[in-house]
Amino acid sequence: MSKRSILITLFVLLGMLPTLGLSLFSIYRHTDWYVRNYATWGEKQLEIPLEIGAVRHHAFQRGTLESITVFQPGPTAEGERLPLATLDRADWIQYGILRDGEERQLLRWTVPELTLDAHGLEPLWNVHRQLLSGDDFWKTHELAIQIDGVVRVGFEEDALELQKATLRIRMENGVPITEIRFLVPDGERMAQVSVTLQRIVQHSAQIMQATLATDTAGLPTHYLKGLFPMLEKLGRTCRFTGSIAIQQSFSRWSGYFRGRFDFVDTSVFLAPDSVTGLGTLNVEKARFDGARLVMAEGTFQITQGTISRAFLDRIMRITQLSTRGIPLEPTATQNFRELAFRFSVSDTQMQIYGQCAGYGSGVFMTSVNGPILCEPSFLRGPFSRAVFMETLMK
């Protein structure tokens, strides 16, 4: 073979063919086929249907996905696909970082805004549970998602809007863990909320646990009514400050919470025309199973309010408390300075203990003239939780 033939062969093998290959691959990346294959790869990773409008590669390990729709698994009875989430665009970049002396690949996504279907959060929860099951993957990788704009939960006009949301999945103490932070606007205030998700081992079974915690600004409780419908009865003014831990084992939900409920509107959850005033409910510990409260301990206090004589009579019948120096007319209304008691709730029974400030134990309510609702002279036993709820609450 001549020298000229050798040079031409080397040019074709080392120059022309790689260039042609890169050109063809560049053309392929702009075809619908490539976009569909990319979406198929994402579906296999998430185990959920995806639709992607376009894939743009800006540089090595950097690009953009456009017009993204995540669908609920399986079609409806009419054969339609229901969207779970929609994104106009998602920019991604991947690079190496050093964590605990080991190199990991960090995949960072930046999203302008996100819209979620409020009724499709459970499928997204299941997708996330699948992501956290890949222990080996998170030993060498981390995922970070930053949403610059608003996250809307619900497609309707009055959808819940969250701001400055971030999500990060990483390995901590040998277990994959997700940290989510966001702000909930409420008038001129911003409530900062953090959510931690992880798999834990309990009784030889692996379950998912989500822990929600608020900052000192508190979170309006109507944002939590999807998890705990009974919180809606605390009124629109109520705010929660504390933490809630929710565990899912198979299809069963349970958990614990502790915290303080401020600005509880008693006129909303108590019987009509019974008590007025804004209260503070401090839950020291509580456990729930499904939507049912199993146990709880804490305190409740109202400063300045009114109570009807008819409602006092019902309280005395159930709790065996006694009154002092108040009108006897059934239609009378009594002003009070403080209503305060400690409570203990079990599966079927409950008990309350008076603790108004400045008095010994056993004083439940005071007026400007002194105690007006107190412990009786005899020892009281616990009373029926069901009767209490049915008789005194709406």
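Buried here means under 20% relative accessible area, exposed means over 50%, and partly exposed is anything in between (1.4 Å probe, protein chains only). By that yardstick Glu284, at 31% relative accessibility, is partly exposed.

This is a predicted model, so local features need pLDDT of at least 70 and side-chain atom pairs count only at pLDDT 80 or more, while totals for chains, interfaces and linings use all residues. Residues are numbered from 1 along each chain as its sequence is written, and side-chain values use heavy atoms, with hydrogens and water left out.

**Salt bridges**

Side chains of opposite charge can pair when their charged atoms come close. The rule used here asks for a side-chain nitrogen of Lys or Arg within 4 Å of a carboxyl oxygen of Asp or Glu. Searching the whole structure with it turns up 13 salt bridges, including these:

| Pair | Closest N to O |
|---|---|
| Glu142 and Arg104 | 3.3 Å |
| Arg152 and Glu161 | 3.4 Å |
| Arg342 and Glu284 | 2.9 Å |

Take Arg342 and Glu284, which meet in a salt bridge. Arg342 belongs to strand S18 (residues 333–345) and Glu284 to strand S15 (residues 278–289), so this pair ties together parts 58 residues apart in sequence. Helices (H or I, at least four residues) and strands (E, at least two) are DSSP runs, numbered from the N terminus. Arg342 is partly exposed, at 28%.

Then there's the salt bridge between Glu142 and Arg104. It links distant parts of the chain, with Glu142 in strand S6 (residues 141–153) and Arg104 in strand S4 (residues 102–111), 38 residues apart. Both Glu142 and Arg104 are buried. They also belong to a salt-bridge network that takes in Arg99 and Arg168.

As for Arg152 and Glu161, Arg152 is partly exposed with a relative accessible area of 27%, and Glu161 is partly exposed as well, at 34%.

**Cysteines**

A disulfide is a covalent bond between the sulfur atoms of two cysteines. The cut-off is a pair of cysteine sulfur atoms within 2.5 Å, and by this rule the count is 0 disulfides. Why does Cys356 have no bond to Cys374? Because the sulfur of Cys374, the closest cysteine sulfur to that of Cys356, is 8.3 Å away, too far for a bond. Cys356 is buried at 3% relative accessibility, and Cys238 is buried too, at 0%.

**Helix H6**

Helix H6 covers residues 309–319, and its buried residues are Arg309, Phe311, Leu312, Ile315, Met316, Ile318 and Thr319. Just past H6, Gln320 adopts a positive phi of about 65°.
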